[in-house]
Amino acid sequence: TAMILMFSFTSNNTLEFIGTYGVCNSDPSQIKLTINEDHTFYYQDFSDAGNKIIANGNWELSGKKIVLKASGTVKKFHDVWAFENNGQVAKSRKGLSFYRLTKINK
């Protein structure tokens with residue numbers, strides 16, 4: 001069983017989450033997460049018009065989750081993401097706020 005767990009997230013599987021995730025185009029929150037193969041990311045969250053968040057920087061793999069490390073001073077944001085459905089869904093929780101984004105392109 002330990003061998004299965006060790007190999008369940010190999011380098012081939014890590015590429016499944018590379019791409020852009022978001023909500024539908026008509027959603028005013030305009031939440032978008034782009035994870036690039038070169039370990040960089042872009043994140044935006046306009047769900048609070050008076051507190052728009054834009055962050056970019058590097059990401060690292062921590063177990064089965066991606067941790068976003070923003071460059072510079074950035075407001076608090078959803079910086080830990082898990083992926084489901086072969087990388088088609090990105091999920092994050094920060095306090096009582098739950099986000100579920102779907103892949104919109106690779």
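In this predicted model, strands β2 and β3 run antiparallel and are joined by four bridges. Strand β2 covers residues 32-35 and β3 covers residues 40-45. Within this pair, T34 stands opposite Y42 in β3. The hairpin that the two strands form has four residues between them, and one of its features is the backbone of H39, where phi is positive and near 70°. H39 is a residue other than glycine, and its position is the loop between β2 and β3. With a relative accessible area of 39%, H39 is partly exposed.

On its other side in the barrel order, β2 follows β1. Strand β1 comprises residues 19-22, and four bridges join β1 to β2 in an antiparallel arrangement. Here Y21 stands opposite L33 in β2.

These pairings belong to a wider arrangement. Eight strands close into a barrel, in the order β1-β2-β3-β4-β5-β6-β7-β8, with antiparallel pairing. From one strand to the next, the twist averages 30°.

Further along the order, strand β6 (residues 80-84) meets strand β7 (residues 89-94); the two run antiparallel and are joined by three bridges. F83 stands opposite A90 in β7. The loop between β6 and β7 contains N86, which is not a glycine yet has a positive phi of about 55°. N86 counts as exposed, because its relative accessibility is 59% and the cut-off for that class is over 50%.

Which residues of the largest nonpolar core touch the most other members? They are F17, L33, Y43, W59, L68, W81 and F83, out of 19 residues in that core. At least two residues of the core come from each of β2, β3, β4 (53-62), β5 (65-70), β6 and β8 (97-105). Strand β4 gives the most, with three residues. Two of the residues already met in the strand pairings recur here: L33, which Y21 faces across the pairing of β1 with β2, and F83, which stands opposite A90. Both L33 and F83 are among the core residues that touch the most other members.

The charged side chains remain to be considered. Side chains of opposite charge can pair when their charged atoms come close. In this model the count comes to two salt bridges. One of them is formed by the side chains of D79 and K94, at 3.8 Å from N to O. Because D79 lies in the loop between β5 and β6 while K94 lies in strand β7, this pair ties together parts that are 15 residues apart in sequence. D79 is partly exposed, with a relative accessible area of 26%, and K94 is also partly exposed, at 35% relative accessibility.

The side chains of K91 and E84 likewise meet in a salt bridge, with an N to O distance of 3.4 Å. E84 falls within the residue range of β6, and K91 within that of β7. K91 counts as partly exposed at 35% relative accessibility, and E84 counts as partly exposed at 35% as well.

Taken together, the region of β6 and β7 brings several of these features into one view. Three bridges join the two strands, F83 of the nonpolar core stands opposite A90, and the salt bridge between K91 and E84 involves two partly exposed residues.

Notes
Residues numbered from 1 in each chain as written. Predicted model: local features only at pLDDT ≥ 70, side-chain atom pairs only at ≥ 80, totals over all residues. Heavy atoms only, no water. Pairing = 2+ DSSP bridges. Axes fitted to C-alpha atoms, helices over the stretch in contact; angles between N-to-C directions. Core = buried A, V, L, I, M, F, W, Y, C linked by side-chain atoms within 4.5 Å. Buried < 20%, exposed > 50% of the residue type's maximum accessible area, 1.4 Å probe, protein only. Salt bridge = Lys/Arg side-chain N within 4 Å of Asp/Glu carboxyl O.
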